Amino acid sequence: MASIRRTQSPAYHDRPYQNGGTSFSVSSPSQKLLSNGKCSSPLPFFSSYGVGIRRFVAGAFLQKYSRKVWRRSAYRCLVFFLLGFLLGMSPFGEVEDIKSQDFSFEIKPSPVNVKLDPESVVKREDFVLDTVNLGVERQSKTKERFNFIPKKQIIVVTPTYNRALQAFYLNRLGQVLRLVPPPILWMVVEMNVASMETAEILRKTGVMYRHIVCTKNSTNVKDRGVHQRNAALEHIEHHKLDGIVYFADDDNIYSLELFKGLREISRFGTWPVAMLAQSKNKAILEGPVCNGSQVIGWHTNEKSKRLRRFHVDMSGFAFNSTILWDPKKWRRPTSAPIQQLDTVKEGFQETTFIEQLVEDESQMEGTPAGCSRIMNWHLHLEARNLVYPRGWLLQKNLDVVLPIK
């Protein structure tokens with residue numbers, strides 16, 4: 001503890017003062033207390049005690065510490081801080097309260113279910129061997145959930161043109177395609193310009209579609225469908241669309257089963273088509289004769305078409321789109337683009353086109369098994385005398401108006 005000594009000034013008793021005061025002696029209150037011997041009241045005692053505390057505090061803060069003192073005090077504070085930190089972290093209690101499990105870093109293996117398979121017990125004359133199953137069970141149901149096979153895309157190509165029953169045909173075909181499970185792409189091809197009426201019908205069907213325009217000039221009405229299909233084939237080849245291509249005219253009638261079976265085709269599939277003859281008095285069956293899924297012959301009734309290599313209607317076959325843009329996969333002899341020909345006679349467009357896709361019947365697949373079901377019909381029910389109403393609106397009412405009585 002530091003103490004401070006104050007040097008008292010000497011008292012000159014014989015020196016006169018200007019104010020007429022007498023000489024005095026400087027003494028501390030504690031000296032007066034000791035000289036008197038006793039306190040007359042408790043107030044002087046407390047005042048002397050306060051003066052002592054004040055002197056002690058003043059001496060503690062007024063003393064100039066050297067650098068060594070500051071370093072020593074800093075080290076002491078650090079030591080006491082660390083000591084208090086360790087005391088705070090240490091558990092209070094006996095040593096027996098601390099278990100070894102509290103500080104165990106041992107990694108315990110997961111429990112193993114040991115099961116006994118009664119069928120796997122190997123019995124011998126002198127001993128028995130049991131196979132142990134270490135809990136690794138095959139979950140067949142779990143595997144089936146993850147064995148997801150994506151469905152093939154169906155690319156439906158429909159050439160169309162402005163006529164009186166166009167809206168009826170497109171709406172009927174669109175409602176059928178709407179029931180087909182996705183993915184499905186409907187490619188509708190028009191000549192010269194895409195009409196607003198057709199675009200409005202396609203938007204309302206709810207089917208994913210592409211509205212394509214064929215810009216090739218053609219004066220022959222019979223070659224119009226050939227150029228429209230070629231425009232769709234060029235679009236598929238250019239964008240390398242992967243799926244099963246099917247030519248579906250808008251005036252034909254299709255069953256839902258037909259579109260569901262298209263995804264089973266690997267390269268080229270065909271099936272019989274029922275057609276109504278031009279005379280409207282008989283039905284004609286045209287298509288393959290199958291033994292299971294193998295094509296062994298053809299149905300035909302027209303003498304003029306017996307010279308064809310493949311007796312198939314345009315809506316009676318479908319093929320893999322990769323044949324168009326991946327010739328190496330199918331080992332095609334040439335990489336020339338596959339298109340329908342407008343230079344052949346009417347009725348021979350189908351066979352000349354199929355000859356570019358396959359070599360013979362061995363590369364075809366008959367669907368369904370045995371080719372015993374009719375899944376689409378070609379009826380030729382076109383109304384040629386009706387005029388196409390622009391915007392699907394009739395400017396006048398019916399010719400006959402019956403007044404209300």
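Biologist: Which cysteines does a disulfide join here, and how is such a bond recognised?

Modeller: A disulfide is called when a pair of cysteine sulfur atoms lies within 2.5 Å, and in this structure one joins Cys290 to Cys371, with 1.9 Å from S to S. The structure holds one disulfide. Its torsion about the S-S bond is about -60°, so the disulfide is left-handed. Cys290 belongs to strand β12 (residues 283-291), while Cys371 sits in the loop between β15 (365-366) and β16 (376-378), so the pair ties together parts that are 81 residues apart in sequence. Helices (H or I, at least four residues) and strands (E, at least two) are DSSP runs, numbered from the N terminus.

Please keep in mind that this is a predicted model, in which local features need pLDDT of at least 70 and side-chain atom pairs count only at pLDDT 80 or more, whereas totals for chains, interfaces and linings use all residues. Residues are numbered from 1 along each chain as its sequence is written, and side-chain values use heavy atoms, with hydrogens and water left out.

Biologist: Are Cys290 and Cys371 buried or exposed?

Modeller: The words rest on relative accessible area, where buried means under 20%, exposed over 50%, and partly exposed in between (1.4 Å probe, protein chains only). Both Cys290 and Cys371 are buried. Cys214 is also in the buried class, because its relative accessible area is 4%, whereas Cys77 has 54% relative accessibility and therefore counts as exposed.

Biologist: Which residues of helix α5 are buried, and what covers them?

Modeller: Helix α5 (residues 166-178) has 13 residues and reaches 18 Å from its first C-alpha to its last, close to the 18 Å expected at 1.5 Å a residue; the expected span is 1.5 Å times one less than the number of residues. Its buried residues are Gln166, Ala167, Tyr169, Leu170, Leu173, Gly174, Val176 and Leu177. The elements that cover them include β5 (154-159), β6 (184-191), α6 (196-205), β9 (253-254) and α8 (256-261).

Biologist: What does UniProt list for Asp251, and where does this residue lie?

Modeller: An unreviewed UniProt entry lists Asp251 under "binding site"; UniProt positions are given in the numbering used here, feature names are shortened, and annotations may be inferred rather than shown by experiment. In the model, Asp251 lies in the loop between β8 (244-247) and β9, and at 23% relative accessibility Asp251 counts as partly exposed. With contact meaning heavy atoms within 4.5 Å, and leaving aside neighbours within four places in sequence, Asp251 is in contact with Arg163, Tyr169, Arg172 and His378.

Biologist: How many aromatic pairs are there?

Modeller: Rings of Phe, Tyr and Trp (its six-membered ring) pair if their centres lie within 6.5 Å, and planes under 30 degrees apart count as stacked, over 60 as edge-to-face and the rest as tilted. By this rule the count comes to 12 aromatic pairs. One of them is the edge-to-face pair of Phe247 and Phe317, at 6.1 Å centre to centre with 80° between the planes. This pair links distant parts of the chain, with Phe247 in strand β8 and Phe317 in strand β14 (residues 317-320), 70 residues apart. Ring pairs link Phe247, Phe268, Phe317, Phe319 and Phe353 into a cluster.

Biologist: Which arginine lies over the face of Tyr161 at 3.8 Å from the ring centre?

Modeller: A charge sits over a ring if NZ of Lys or CZ of Arg is within 6 Å of the ring centre and within 35 degrees of the ring normal. Arg224 lies over the face of Tyr161 at that 3.8 Å, and the charged end of Arg163 sits over the ring of Tyr161, 4.2 Å from its centre.
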